[in-house]
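Work through these three short exercises with the sequence and the model side by side. Each task is followed by a stepwise solution.

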Amino acid sequence: MPNGNGKTILTNSAITAFKACPRKYYWRYIREVEAVERPEALLLGTALHGYLEAHYRQLPYTPPIDLTPKSQAILKGVREYYPILYMDDLDLFEPIAVEKIISGEIRNPVSGRPAREYVYGGKVDGLVMLKKDAEGFKENDLLLLEHKSASKVDEAYFERLQLDSQLLLYSLYLSRELGAHIAGTLFNVIQKPSLRQKKSESEAEYYQRLRLEMNWPELYHRRYLRFPEMRMQEIQKELWSAKNIIAKARLENVFTMNSGACFDYHRKCDYWTLCSSEDPEMILEGGQFQHQEAHVELIGAAEGNQAETAAEPF
Ligand code: SF4
């Protein structure tokens, strides 16, 4: 999807897809198709994000109707407990922006000149200003507020986030746009319960247990993170390099398959049916896939940003 200036947008999701498998990038960002059936974990993650967005905008929230009863129970538990657990957020920080769209030039790290045909785009969950000193950060520091949901949350999970290129780029582009330093990130992680249905319990009892499990503080994690300055500098080179590689593939129209990624995350890639078919065009007409704008999340954010200025501290 080109932006208003006719340039191609590169988001972190697009770059990640290309790095994992160029053919995946092709299906999603050139052909703009996605599987009709979405993985449940993705649907729940999106629903949790939607709830947190409404919470921080102080707007009513309507849960999606396409969730399984299990995910509905988890979401219900989060909606019950999150506002209680974090009722003091108002004393800690002021939300400056919620679901903020960001975009900007991709600059040559040596010459500083912007790429002619590509721009960077993304959407930040939130930007907050601290109202008091916290965890090594000072009052009035600006922090990204980043919501995550995960099945397993341990030290390694947070250590990995320290090198997360998406957050580094968000900080970089927000700093440029606002002309202000982004001091770090406040991670807000919701851990999904690992409970399984017991033989002795009904489905209703199981869903009730899941809901109540989300009323335990142990499943809610917060962590403050400051990015190493060296990584901030490196990330600009990495973005330029990724842009060059993707531009070359697009120019030559060659998107190689990485079969090593076909079963990542313990599941078959959404595009397996297309890649393994002798006639993918026929598969595309079969109803298993649908057209989806390449960066649909930015379209939604652009609309949401109109309300952003009206977002009040909660
Ligand atoms: S099925 Fe494999 S080759 Fe095809 S897009 Fe997915 S990861 Fe790439």
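**Exercise 1. The ligand shell**

Which residues are around the ligand?

Solution. This model is predicted.
- Start in the early part of the chain: Cys-21, Arg-23 and Lys-24 are among the residues around the ligand.
- Go on to Met-257, Asn-258, Ser-259, Ala-261 and Cys-262.
- Finish with Cys-269, Tyr-271, Trp-272 and Cys-275.
- Now look for helices: H2 (22–30) and H10 (272–275) each give the shell at least two residues.
- Sort the shell by type: eight residues are nonpolar, two are polar and two are charged.

**Exercise 2. The nonpolar core**

Find the residues with the most contacts inside the largest nonpolar core, and the helix that gives the most to it.

Solution.
- The largest nonpolar core holds 62 residues.
- Leu-48, Val-78, Leu-127, Leu-144, Leu-169 and Tyr-170 have the most contacts inside it.
- Helix H7 (residues 165–178) gives the most to this core: seven residues.
- Take Tyr-170 as a case: beyond its neighbours within four places in sequence, Tyr-170 touches Ile-102, Gly-122, Val-124 and Leu-144.

**Exercise 3. Two packed helices**

How do H7 and helix H9 (residues 229–252) pack?

Solution.
- The axes of H7 and H9 lie 10 Å apart, at an angle of about 100°.
- Angles of 65 to 115 degrees count as roughly perpendicular, so H7 and H9 are roughly perpendicular to each other.
- H7 makes the contact with Ser-165, Leu-168, Leu-169 and Leu-172.
- H9 brings Arg-231, Met-232, Ile-235, Gln-236, Glu-238 and Leu-239.
- By type, the residues of this contact are six nonpolar, two polar and two charged.

Methods
Residues are numbered from 1 along each chain as its sequence is written. This is a predicted model: local features need pLDDT of at least 70, side-chain atom pairs count only at pLDDT 80 or more; totals for chains, interfaces and linings use all residues. A residue is near a molecule or strand if its C-beta atom, placed from the backbone, lies within 6 Å of it. Helices (H or I, at least four residues) and strands (E, at least two) are DSSP runs, numbered from the N terminus. Ala, Val, Leu, Ile, Met, Phe, Trp, Tyr, Cys and Pro count as nonpolar, Asp, Glu, Lys and Arg as charged, and the others, Gly among them, as polar. A nonpolar core is a set of buried Ala, Val, Leu, Ile, Met, Phe, Trp, Tyr and Cys residues joined through C-beta atoms within 7 Å. A residue is buried if 20 or more other C-beta atoms lie within 10 Å of its own, exposed if 12 or fewer, and partly exposed in between; C-beta atoms are placed from the backbone. Two residues are in contact if their C-beta atoms, placed from the backbone, lie within 7 Å. Axes are lines fitted to C-alpha atoms, for helices over the stretch in contact, and angles run from 0 to 180 degrees between N-to-C directions. Angles under 35 degrees count as roughly parallel, over 145 as roughly antiparallel, 65 to 115 as roughly perpendicular and the rest as oblique.
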